[in-house]
Amino acid sequence: MSRSRSYRKRPGFDIDGGDEVHYPTRPVDKDKAEQELVINIKKATSPDETAPKQKHVRTQYHFGVAYVFNLYCPDEVQTFKALITVHKVLQEGHPNTIKEAHGQTGWLETCARTVATDGARGYGSLIRTYVQFILAKLRFHRLRPEFNGLFEYEEYISLKGIDDPNEGYETITDLMGLQDQIESFQRMVFAHFRHSINNECRISSLVPLVKESWGIYRFITSMLRALYRRTNDHEALEPLRERFNAQHYNLRKFYYECSNLKYLTGLINVPKLGQEPPNLFDSGDAPDLPARPKSTATPAPPPAPSPDAAAVNEQARMLKEYEDQQVALRAQREAEERVRLEREAQQQREFEERQREQGERERLAQEQLLQQQMLQYNNQAAQQASEYQRELLAMRGQYERDQLLLEQYDHRVRALEGELAASAANINAQMASKDELIKQLQDQVTLWRNKYEALAKLYSQLRTEHLDMLAKFKQMQLKANSAQEAVDRMERMERDLKAKNLELADMIRERDRARFDVDRQKSSHKDELERLRRELNFANERAEDATRSKGSEVSSVLTKYNRQLNELEDSLRAKQLQIDDLLVKLNNASGDLERLREEKDQEIMILQEGMDSTIQQLSEAQQNQGLSEEATNAQIDTLILDNRKKLNDIIDSILQACVHKVDDAIYELESPTQAGNINSTPEYTLSMIEKAVNSATDFATIFNLHLGGDAGGDYVDVIKGANEFAQVLSDVLINCKGVTRLANDDDASDKIVAVARGAGDVGLRFFLNLQSYKLDLLQSAQRKDVAMRNNHEARAALTRLSEIIDTLVPKGS
């Protein structure tokens with residue numbers, strides 16, 4: 001399908017994608033646009049069981065789904081058609097439509113709850129399943145916003161997540177889950193078809209399903225191939241490949257069932273999948289994987305309209321101030337960071353100095369204690385006291401070390417609190433500067449909006465003055481026309497007199513033509529008699545040639561049979577020689593010899609019977625030679641009938657080709673993708689219609705002459721007349737498609753297309769009714785009425801079409 005299409009890049013709507021922004025050159029009546037949008041939504045969600053028209057759905061692509069979500073749908077058919085509309089807008093609408101729909105899930109859940117068990121018309125379960133699918137689609141887009149509604153975007157963007165196999169695996173798993181939900185919903189749609197009721201509304205829900213499933217299928221194929229190229233662990237990807245193969249077979253069955261629905265194939269081109277799943281180890285046309293981005297790039301802002309020099313300078317000044325503030329904040333943060341590092345280094349040095357002093361005091365105390373121990377080593381009590389004193393000194397040293405560590409931790413906590421406060425102050429300053437910048441930008445937007453509204457008011461005032469001037473001009477033109485009416489009446493009388501003289505001259509010409517036709521008919525009768533005599537002589541000559549050829553055939557048969565008889569006699573002699581040799585060699589095997597002799601005797605009898613039957617056939621051939629002349633005459637008649645049948649088949653094939661040509665023109669007329677002859681004008685189209693009327697009359701006259709065997713009705717004339725009529729009718733339909741651009745509204749355009757379609761159908765029936773297998777069912781007297789009746793219908797249809805096209809001709813021309 002390439003029925004492939006992602007969101008079309010339309011100027012003025014793809015703001016985030018960096019496309020060209022469209023600024024209208026004239027004011028738009030917002031109230032009128034909203035009224036037309038509401039009317040189109042009501043038409044798209046009418047209570048009739050028909051498919052929502054594409055032209056009504058297309059108007060909502062630019063406005064999103066907000067108006068649809070505000071719609072009240074009391075009927076289950078209206079609810080189902082509203083869900084179809086929402087699904088199509090999510091697929092092909094503005095990219096922001098999906099973001100807007102995330103906040104409208106409550107409306108979808110309400111649609112699923114308000115319908116009864118199965119509904120009065122059988123849409124209840126379909127609506128609930130459809131709501132579940134749309135909610136799953138919205139959840140997927142919320143998790144992965146880089147996807148569009150149809151899952152179609154450039155390969156180098158679509159495969160950016162495969163650089164991480166885990167992320168690629170999760171993406172493919174989510175896509176396959178969404179594909180399974182599409183499969184379950186389409187099965188339910190097919191299960192709810194009714195044989196006795198129009199299924200057009202149900203079939204229309206399959207259109208977005210086909211598009212979305214095809215986009216997901218193509219995307220999964222590219223991602224799986226990229227994963228196989230990226231990783232060597234194929235066993236880990238085996239579950240994905242098995243699931244992909246199962247979905248391939250389900251999709252193939254789904255597309256086959258859709259291709260059997262004539263109404264669906266008239267709306268979209270249903271994709272065709274192969275018998276076997278595609279080879280995932282073959283890279284195909286998929287590009288190499290891009291390197292995973294290390295940082296998120298900020299998208300470039302969209303191009304803005306060309307403002308004046310003052311606005312440009314103001315914006316440059318604002319941006320300069322904002323950049324200066326950012327530079328000052330960065331310098332302030334760097335200075336604070338340097339101060340913090342210096343403070344931490346100073347604290348570390350003080351801590352190390354205090355720790356060294358404490359160690360020195362502890363060492364001196366230990367030395368004093370040792371000196372006292374050496375003086376009092378004889379006293380046991382003094383030794384025990386000194387031991388306690390040493391432990392006390394050790395505990396005091398440990399306490400001082402702990403106090404130093406606690407003091408260092410307090411300094412570090414206070415430094416971190418100060419750093420946190422500085423960071424908060426910097427963030428608040430940045431937010432304040434950004435708020436100020438946003439406020440200034442909003443003021444500029446308000447200024448431009450006011451300028452735009454002023455221009456809109458000025459334009460509406462100028463348009464009103466222009467309409468007043470047109471009204472005055474029409475009044476003056478009416479006054480001038482009233483004075484011209486008398487002159488026109490005199491000229492009209494003169495033209496009528498000239499027309500009467502021309503009609504009299506035409507009548508005289510018709511009388512002369514009738515006399516000439518009588519003379520021509522007499523001469524044609526003489527030519528026909530001479531032609532029949534020539535054909536009779538030719539038939540007699542062919543009969544004599546056939547008699548001579550039969551005599552030569554009989555002589556050749558006799559020669560062949562004599563040759564076969566000689567061959568049989570030679571073979572008989574050879575067999576006899578073989579028997580004699582066997583009698584000499586097998587003297588001791590008498591039993592076998594007797595058996596062989598019996599077999600040879602049987603062969604001789606069979607050969608003798610064959611010769612007898614050959615002689616009998618020769619005698620029968622001589623007897624049947626007398627009947628050959630009658631068979632030859634019958635063959636001549638058969639050849640004449642076969643020749644006539646072949647010519648009729650040629651005429652039928654030419655008529656069928658004309659049917660195909662007109663059918664192609666009707667298809668181009670009804671196709672929304674074809675614009676027809678865009679250079680066509682109503683006057684040119686009217687001339688083509690008049691030419692088609694004349695061609696139809698000429699073709700019917702030639703065909704009646706052909707049926708009567710009269711002059712002017714040869715096969716060449718019939719073929720020429722059919723081709724000319726088909727070509728002119730095809731040109732008429734294409735030009736009618738081209739002039740629909742001049743219609744005032746869609747109803748007038750649809751009416752032109754409908755009337756042109758009717759004329760094309762009449763032309764199709766004209767060619768089909770003149771084929772030989774249909775004329776053979778009628779009597780000879782009724783065959784000529786067929787062409788005249790179809791000619792009358794074609795003239796009537798073309799006359800109606802001419803009246804419709806005549807309304808497009810400007811009144812002053």
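Start by selecting helix H12, residues 238-259, where helices are DSSP runs (H or I) of at least four residues, numbered from the N terminus. H12 has 22 residues and reaches 31 Å from its first C-alpha to its last, close to the 32 Å expected at 1.5 Å a residue, the expected span being 1.5 Å times one less than the number of residues. This is a predicted model, in which local features need pLDDT of at least 70 and side-chain atom pairs count only at pLDDT 80 or more, while totals for chains, interfaces and linings use all residues. Residues are numbered from 1 along each chain as its sequence is written, and side-chain values use heavy atoms, with hydrogens and water left out.

Keep H12 selected and colour Leu240, Phe244, Asn245, Gln247, His248, Leu251, Phe254, Tyr255 and Cys258, which are buried, meaning under 20% relative accessible area, with exposed meaning over 50% and partly exposed in between (1.4 Å probe, protein chains only). An α-helix has 3.6 residues a turn, so residues three or four places apart point the same way. The cover over the buried residues of H12 includes helix H9 (165-191), H11 and helix H13 (262-267).

Next add helix H11, residues 206-230, which packs against H12 at an angle of about 150 degrees with the axes 11 Å apart; axes are lines fitted to C-alpha atoms, for helices over the stretch in contact, and angles run from 0 to 180 degrees between N-to-C directions. That angle makes H11 roughly antiparallel to H12 (angles over 145 degrees count as roughly antiparallel, under 35 as roughly parallel, 65 to 115 as roughly perpendicular and the rest as oblique). Among the residues making this contact are Trp214 and Tyr217 of H11 and Phe244 and Leu251 of H12, contact meaning heavy atoms within 4.5 Å. The residues of the contact divide into 14 nonpolar, 4 polar and 1 charged, where Ala, Val, Leu, Ile, Met, Phe, Trp, Tyr, Cys and Pro count as nonpolar, Asp, Glu, Lys and Arg as charged, and the others, Gly among them, as polar.

Two single residues come next. Select Gln91 in helix H4, residues 76-92, which counts as buried at 1% relative accessibility. Leaving aside residues up to four places away in sequence, Gln91 touches Gly149, Leu150, Pro208, Lys211 and Glu212. Then move to Asn199, in the loop between H9 and helix H10 (200-204), which is also buried, at 14% relative accessibility.

Now go to Gly359 in helix H14, residues 309-375, which is partly exposed with a relative accessible area of 31%. Add Gly397 to the selection: Gly359 and Gly397 are 38 residues apart in sequence and 7.9 Å apart in space, C-alpha to C-alpha.

For the last stop, select helix H19 (residues 715-739) and helix H22 (residues 780-806), whose axes come within 12 Å and cross at roughly 25 degrees. That makes H19 roughly parallel to H22. Here Leu729, Val732, Cys736 and Val739 in H19 meet Leu798, Leu801 and Ile805 in H22, and the residues of this contact divide into 7 nonpolar, no polar and no charged. Finally, colour the buried residues of H22, including Asn790, Asn791, Leu798 and Ile805, whose cover includes helix H18 (682-708), H19, helix H20 (746-769) and helix H21 (772-775).

Key
Helix = DSSP H or I, 4+ residues; strand = E, 2+ residues; numbered from the N terminus.
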